Amino acid sequence: MKIIYSLNALESLQEIVDFLNYHWTIKELNVFKTDLEKFLNSFDNHIISYPKLNPDSDLKFAFLGKKQVKVYFDQHSDFVEILLFLPSKGNPKTLENLLK
């Protein structure tokens, strides 16, 4: 399945990686990397079902890096659009802006 990244997703992922490189250990970075790879590969397998952000929305989310980062995405029939990577302690205003 094709995966598309929004500009917000690319920017937020870069911010998270920069932060992790500075504050986390190599082991924790590898856990995050492994979780991200499993998440991306899960769309090819069509086995894992992810929860919706709320019942009225098609947006879904998943946890990465021992629940330290949430990834928000929109799953379509032939592609997945990654919208945002948000640290668990990140500013919820970022998510509100995404939903507008």
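Tutor: Buried means under 20% relative accessible area, whereas exposed means over 50%, with partly exposed in between. The structure discussed here is a predicted model.

Student: Why is S6 called buried?

Tutor: The relative accessible area of S6 is 15%. The cut-off for buried is under 20%, so S6 with its 15% is placed in that class. S6 lies in the loop between β1 (2-5) and α1 (7-23).

Student: Which residues does S6 touch, not counting those up to four places away in sequence?

Tutor: With that exclusion, S6 touches E81, I82 and L83. In addition, its side chain reaches the backbone nitrogen of A9 at 3.1 Å. Since a polar contact requires N or O atoms within 3.5 Å, the distance of 3.1 Å from S6 to A9 satisfies that limit.

Student: What does I82 touch, not counting residues up to four places away in sequence?

Tutor: I82 touches I3, I4, Y5, S6, A9, F39, V71, Y72 and F73 under that exclusion. I82 is also among the residues with the most contacts inside the largest nonpolar core, together with F32, F39, L64, V71, F73 and F85. This core has 19 residues.

Student: Which elements each supply at least two residues of this core?

Tutor: They are α1, α2 (26-45), β2 (59-64), β3 (69-75) and β4 (79-87). The largest share, five residues, comes from α2.

Student: What makes β2 largely enclosed by the rest of the structure?

Tutor: Five of the six residues of β2 are buried, and therefore the strand is described as largely enclosed by the rest of the structure.

Student: How do you know that β2 and β3 pair?

Tutor: Pairing of two strands requires at least two bridges between them. β2 and β3 have six bridges, in the antiparallel sense, so the requirement of at least two is met. Within this pairing, K60 stands opposite F73 in β3. The two strands form a hairpin with four residues between them, and G65 in the turn has a positive phi of about 60 degrees.

Student: Why is the meeting of the K52 and D58 side chains called a salt bridge?

Tutor: A salt bridge needs a side-chain nitrogen of Lys or Arg within 4 Å of a carboxyl oxygen of Asp or Glu. The N to O distance for K52 and D58 is 3.9 Å, so the pair falls within the 4 Å limit. A search of the whole structure finds one salt bridge.

Student: Are these two residues buried or exposed, beginning with D58?

Tutor: D58 has a relative accessible area of 53%, and the cut-off for exposed is over 50%, so D58 is exposed. K52 has a relative accessibility of 42% and therefore counts as partly exposed.

Student: Why is H46 called exposed?

Tutor: Its relative accessible area is 57%, and the cut-off is over 50%, so H46 belongs to the exposed class. H46 is found in the loop between α2 and β2. H46 and M1 are 45 residues apart in sequence and 9.4 Å apart in space, C-alpha to C-alpha.

Student: How many helices and strands does the protein chain have?

Tutor: The chain has three helices and four strands, and from the N terminus on its elements run β-α-α-β-β-β-α. Buried residues make up 34% of the 100 residues in the chain. The chain exposes about 6800 Å², of which carbon and sulfur atoms supply 53%.

Definitions and conventions: Residues are numbered from 1 along each chain as its sequence is written. This is a predicted model: local features need pLDDT of at least 70, side-chain atom pairs count only at pLDDT 80 or more; totals for chains, interfaces and linings use all residues. Side-chain values use heavy atoms; hydrogens and water are left out. Buried means under 20% relative accessible area, exposed over 50%, partly exposed in between (1.4 Å probe, protein chains only). A polar contact is a pair of N or O atoms within 3.5 Å; within protein, one must be able to donate a hydrogen and the other to accept it, and residues adjacent in sequence count only if both atoms are side-chain atoms. Contact means heavy atoms within 4.5 Å. A nonpolar core is a set of buried Ala, Val, Leu, Ile, Met, Phe, Trp, Tyr and Cys residues joined through side-chain atoms within 4.5 Å. Accessible areas come from the Shrake-Rupley method with a 1.4 Å probe; for residues, only the protein chains shown count as cover.
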